[in-house]
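Got the viewer open? Here's a short walk through the model, one selection at a time.

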Amino acid sequence: MSEGGPTAIVCDDAPGFRALMKALLSDAGLQVVGEADSWAEAERLAPGVDAILVDLWMPVVDIDALGRIRAAAPNATLAVVTALALPAAQAHIAPVDVDMLLLKSTPPTQIAAAIAERALGGAGATL
């Protein structure tokens, strides 16, 4: 955790969703230090942050990149957000140690609150 509070990055290929989540995570107490619109950029930004919100379909599913993001930030809260049906998303992410799998249909304020609670040390933050 940084001196200014827990840090986060938001990774999604949809600029509107990135902007919304960046604002909501900031309001929830996280210092958003970067945003990415590609897997490669997410990998570059991941080291040293406390929380990572990444869209599973950015614009394609890349489980290898998700694994590299986890490896680059092994202690970060890794939250994956998806529009896929839960069983399909769970099957995709199974090889990677993901902390949270969240549906994009969940109200964005609840997504941000769950990630912030987990990043701030709350063990029970799930949706």
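For this tour, a residue is exposed when its relative accessible area is over 50% and buried when that value is under 20%, with partly exposed in between. Keep in mind that you're looking at a predicted model.

**Stop 1: helix H3.** Select residues 63-72 and colour Asp-64 and Ala-71, which are exposed. Now add Ile-63, Ala-65, Leu-66, Ile-69 and Arg-70, the buried residues of this helix. These buried positions all sit on the same side of H3, because they cover an arc of only 160 degrees around the axis; Asp-64 and Ala-71 are on the other side.

What do the buried residues of H3 pack against? Bring up helix H2 (39-45), strand E3 (51-55), strand E4 (77-82) and helix H4 (86-93), and you have their partners. Before leaving, zoom in on the start of H3: a side-chain oxygen of Asp-62 comes to within 3.3 Å of the backbone nitrogen of Asp-64.

**Stop 2: from H3 across to H2.** Show the side chains of Arg-68 and Glu-43, which form a salt bridge at 2.9 Å, N to O. This one ties together distant parts of the chain, with Arg-68 in H3 and Glu-43 in H2, 25 residues apart. Arg-68 is partly exposed at 42% relative accessible area, and Glu-43 is partly exposed too, at 22%.

Stay on H2 and pick Glu-41 and Arg-44, whose side chains meet in a salt bridge of 2.7 Å. They lie 3 residues apart in the helix, so about one helical turn separates them. Arg-44 is exposed at 56%, while Glu-41 is partly exposed at 24%.

**Stop 3: a salt-bridge network.** The model has 8 salt bridges by the count used here. Select Asp-12, Asp-55 and Lys-104 together: salt bridges link them in a network. Within it, the closest N and O atoms of Asp-12 and Lys-104 are 2.9 Å apart. Asp-12 is in the loop between strand E1 (7-11) and H1, and Lys-104 is in the loop between E5 and H5, 92 residues away. Is Asp-12 buried or exposed? Buried, at 0% relative accessible area, whereas Lys-104 is partly exposed at 28%.

**Stop 4: helix H5.** Finish with residues 108-119, a 12-residue helix that reaches 16 Å from its first C-alpha to its last. Highlight Ile-111, Ala-112, Ala-114, Ile-115, Ala-116 and Ala-119, which are buried. The buried residues of H5 pack against helix H1 (15-27), E3, E4 and strand E5 (100-103). Just after H5, click on Gly-121: its phi is positive, near 110 degrees.

Conventions: Residues numbered from 1 in each chain as written. Predicted model: local features only at pLDDT ≥ 70, side-chain atom pairs only at ≥ 80, totals over all residues. Heavy atoms only, no water. Buried < 20%, exposed > 50% of the residue type's maximum accessible area, 1.4 Å probe, protein only. Helix = DSSP H or I, 4+ residues; strand = E, 2+ residues; numbered from the N terminus. Arc of directions from axis to C-beta. Contact = heavy atoms within 4.5 Å. Polar contact = N/O pair within 3.5 Å; in protein donor to acceptor, adjacent residues only side chain to side chain. Expected span 1.5 Å × (residues − 1). Salt bridge = Lys/Arg side-chain N within 4 Å of Asp/Glu carboxyl O.
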